[in-house]
Amino acid sequence: MAEILAALRSLMSSHDPPLHALVVPSEDYHQSEYVSARDKRREFVSGFTGSAGLALITMNEALLWTDGRYFLQATQELTGEWKLMRMLEDPAVDVWMANNLPNDAAIGVDPWCVSIDTAQRWERAFAKKQQKLVQTSTNLVDKVWKNRPPAETYPVTVQQIEFAGSSVVEKLKELREKLTNEKARGIIITTLDEVAWLYNIRGTDVPYCPVVHAFAIVTTNAAFLYVDKRKVSSEVISFLKESGVEVRDYDAVSSDVVLLQSNQLNPPADVQGSDLIWADPNSCSYALYSKLNSDKVLLQQSPLALAKAIKNPVELDGLKKAHIRDGAAIVQYIVWLDKQEIYGASGYFLEGEATKEKKHSGTVKLTEVTVSDKLESFRASKEHFRGLSFPTISSVGPNAAIMHYSPQSETCAEMDPNSIYLCDSGAQLFNYIFEALTPQKAHMQMSNLSMAFHDQTPEVLKGHIALGNAVFPNGTCGHTLDILARLPLWKYGLDYRHGTGHGVGSYLNVHEGPQSISFKPRNVPIHASMTATDEPGYYEDGNFGIRLENVLVVTDANTKFNFGDKGYMSFEHITWAPYQIKMINLKSLTPEEIDWLNAYHSRCRDILAPYLDETELAWLKKATEPASA
């Protein structure tokens with residue numbers, strides 16, 4: 001790590017102009033949350049493997065900003081050269097730079113890896129001391145990364161209409177109507193899942209995310225896809241051509257943006273009073289924006305974000321079917337895990353006394369990784385399985401307190417009868433909306449529970465139930481609903497640092513916006529046919545983690561009244577897997593909450609029964625027996 005920092009500082013000194021600081025974001029050229037191996041520049045320079053964060057390197061300091069999901073993980077992974085900066089607790093990176101770097105400081109960044117909004121916010125902060133943001137012509141990290149992985153050349157595939165539910169032609173028509181309404185003659189699309197969704201294509205360029213490294217430009221009378229042509233077969237080119245899409249080289253997007261600005265991109269757009277170029281300030285790179293006339297740019301959220309988030313009937317049908325198959329896989333996994341007896345522990349149902357002696361029930365050691373692999377094998381047996389949707393968080397005891405813990409074979413923990421086991425996982429199901437995250441996180445501890453865990457499990461469940469049962473008027477934003485999930489914990493002075501809910505993609509990304517349910521305000525109303533996860537939790541550093549999660553679909557609510565003629569909405573649960581009753585202090589639940597739990601379990605039995613064998617169904621019936629305080 002010291003050698004990498006020294007090499008970067010040498011490049012910073014020799015840069016024209018010399019750089020006082022270098023920003024290394026997590027994002028790639030498309031502002032992606034999850035990136036390919038060759039784009040993990042921030043991880044390379046810092047050693048921190050979390051998906052979110054930003055590294056800042058000065059001539060004598062190295063700082064890493066990340067959010068609350070990763071505080072504990074970062075403290076374990078960062079070496080002595082690095083200082084952890086906790087988002088929302090320590091000064092923001094732009095504030096720190098403005099206050100700690102000298103007047104007239106030059107701060108370098110690869111403009112392809114930073115969004116318009118972020119770059120402009122930094123520039124405003126720097127202006128106070130005449131500091132300047134310097135767009136480096138090449139990425140300095142790439143120059144010192146000797147063994148950087150090669151570019152991916154995985155094939156592009158077509159998402160067929162029977163699964164997409166809407167054709168490319170239909171989507172382009174709706175997009176062009178929005179361009180016309182906003183007096184724009186073209187739009188630059190950089191977000192990978194938006195490009196994939198618009199053109200009904202998928203790929204495997206980014207692990208766990210079925211997307212293609214590609215840009216798109218759409219004008220009033222033309223559409224272009226910018227991609228490495230080695231990935232595109234003649235069949236895919238024909239499909240796109242028939243849909244009105246021309247395939248061009250990935251690198252051509254830069255020069256074509258210049259042509260788009262001057263309306264020289266062939267064929268020229270039909271202007272008719274529309275002279276703006278639409279770019280999403282949160283996802284379009286500063287590099288592309290810098291090629292445009294800022295007076296002629298419409299800086300506004302991409303219209304595809306909302307269109308993609310509101311699922312069509314075919315996508316919703318696929319979503320529900322996928323969750324049923326995945327629910328069956330979860331039940332099969334827990335049945336298998338119960339049979340292993342986890343070194344003599346009492347299993348899913350009974351309290352009992354765990355055996356402290358670690359008795360292996362077979363030849364295979366039961367570790368965080370081996371049981372995770374077993375879960376994946378159950379999923380892989382299901383129709384349309386295409387892999388995981390993120391690395392499985394299979395965590396025992398203190399490891400479960402690390403929100404995004406990723407076990408490694410060489411260092412992972414063994415299953416322990418005296419520790420909590422938390423499993424957070426999900427799958428991509430080809431041609432169906434993927435199951436975003438493992439239903440209800442299969443908590444499998446068997447005895448000697450800490451009082452803190454036993455006390456907080458019902459509070460997490462109370463918040464989970466409250467949010468899932470919410471009824472709210474049209475126009476409500478997720479930030480407004482977030483308190484419902486946190487309130488039971490707040491009563492005890494407790495909380496969690498992650499967001500409560502997010503959308504899920506249609507065989508796309510695990511996290512999908514623009515909607516979210518979070519303590520961070522986002523002025524995006526929740527719409528019918530959106531998806532949202534319901535996932536409150538509680539993490540106690542060094543001891544355990546709790547997370548309960550269902551995927552929900554937003555539906556119109558059948559309310560007795562309709563005050564203000566607003567219309568009201570509610571949530572439909574579509575995740576099916578049993579809650580572990582022995583982990584819940586039922587005396588802490590209200591009669592209404594127990595009724596909800598029993599009703600949910602009854603539906604689990606009915607929905608999953610056709611997908612289970614006799615032994616598995618018998619297990620499920622026992623796991624979902626009516627509970628009472």
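A nonpolar core is a set of buried Ala, Val, Leu, Ile, Met, Phe, Trp, Tyr and Cys residues joined through side-chain atoms within 4.5 Å. The model on screen is a predicted one, and the tour starts with its largest nonpolar core, which has 62 residues.

**Stop 1: the cores**

Select Tyr333, Val371, Tyr421, Phe472, Phe571 and Leu608. Within the largest nonpolar core, these residues touch the most other members. Now add helix H14, residues 313-340, which gives the most to this core, with 10 residues.

Next, centre the view on Val371. Which residues does Val371 touch, leaving aside those up to four places away in sequence? Its contacts are Tyr333, Trp336, Leu337, Leu366, Ser394, Met415 and Tyr421. Two of these names, Tyr333 and Tyr421, also appear in the selection that opened this stop.

Another core lies apart from this one and has 43 residues. To find it, select Val23, Leu101, Leu260 and Ile277, which are among its members.

**Stop 2: an open sheet**

Show the strands S19, S26, S25 and S22. In that order they form an open sheet of four strands with antiparallel pairing. Strand S19 (471-473) and strand S22 (531-534) are at the edges; each has a single partner strand, so one side of each has no neighbour in the sheet. From one strand to the next, the twist averages 40°.

Stay with S19 and look at strand S26, residues 568-573. The two run antiparallel and are joined by three bridges. For one of the residues involved, select Val471: its bridge partner in S26 is Ser570.

**Stop 3: strand S21**

Select residues 512-517, which make up strand S21. Is this strand largely enclosed or largely open? Five of its six residues are buried, so S21 is largely enclosed by the rest of the structure.

Add strand S20, residues 501-503. Three bridges join S20 to S21, and the two strands run antiparallel. Gly501 has Ile517 of S21 as its bridge partner.

Within S21, pick out Pro514. The peptide bond leading to Pro514 from Gly513 is cis, with omega near 10°.

**Stop 4: a cis bond in a loop**

Go to Asp16 and Pro17. A cis peptide bond joins them, and its omega is about 0°. Pro17 sits in the loop between helix H1 (2-14) and strand S1 (21-25).

**Stop 5: two residues with positive phi**

Select Asn200, in the loop between helix H9 (192-199) and strand S9 (201-202). Asn200 is not a glycine, yet its phi is positive, at about 50°. Is Asn200 buried or exposed? With 2% relative accessibility, Asn200 counts as buried.

Then select Tyr208, in the loop between S9 and strand S10 (214-219). Tyr208, also a residue other than glycine, has a positive phi near 75°. Its relative accessible area is 35%, and Tyr208 is therefore partly exposed, a range that runs from 20% to 50%.

**Stop 6: helices H8 and H9**

Finish with helix H8, residues 168-181, shown together with H9. The two helices pack at an angle of about 115°, and their axes are 7 Å apart. From H8, the contact uses Val168, Lys171, Leu172 and Leu175; from H9, it uses Trp197, Leu198 and Tyr199. How many of these contact residues are nonpolar, polar or charged? Six are nonpolar, none is polar and one is charged.

Key: Residues are numbered from 1 along each chain as its sequence is written. This is a predicted model: local features need pLDDT of at least 70, side-chain atom pairs count only at pLDDT 80 or more; totals for chains, interfaces and linings use all residues. Side-chain values use heavy atoms; hydrogens and water are left out. Buried means under 20% relative accessible area, exposed over 50%, partly exposed in between (1.4 Å probe, protein chains only). Contact means heavy atoms within 4.5 Å. Two strands pair if DSSP finds at least two bridges between them. Axes are lines fitted to C-alpha atoms, for helices over the stretch in contact, and angles run from 0 to 180 degrees between N-to-C directions. Ala, Val, Leu, Ile, Met, Phe, Trp, Tyr, Cys and Pro count as nonpolar, Asp, Glu, Lys and Arg as charged, and the others, Gly among them, as polar.
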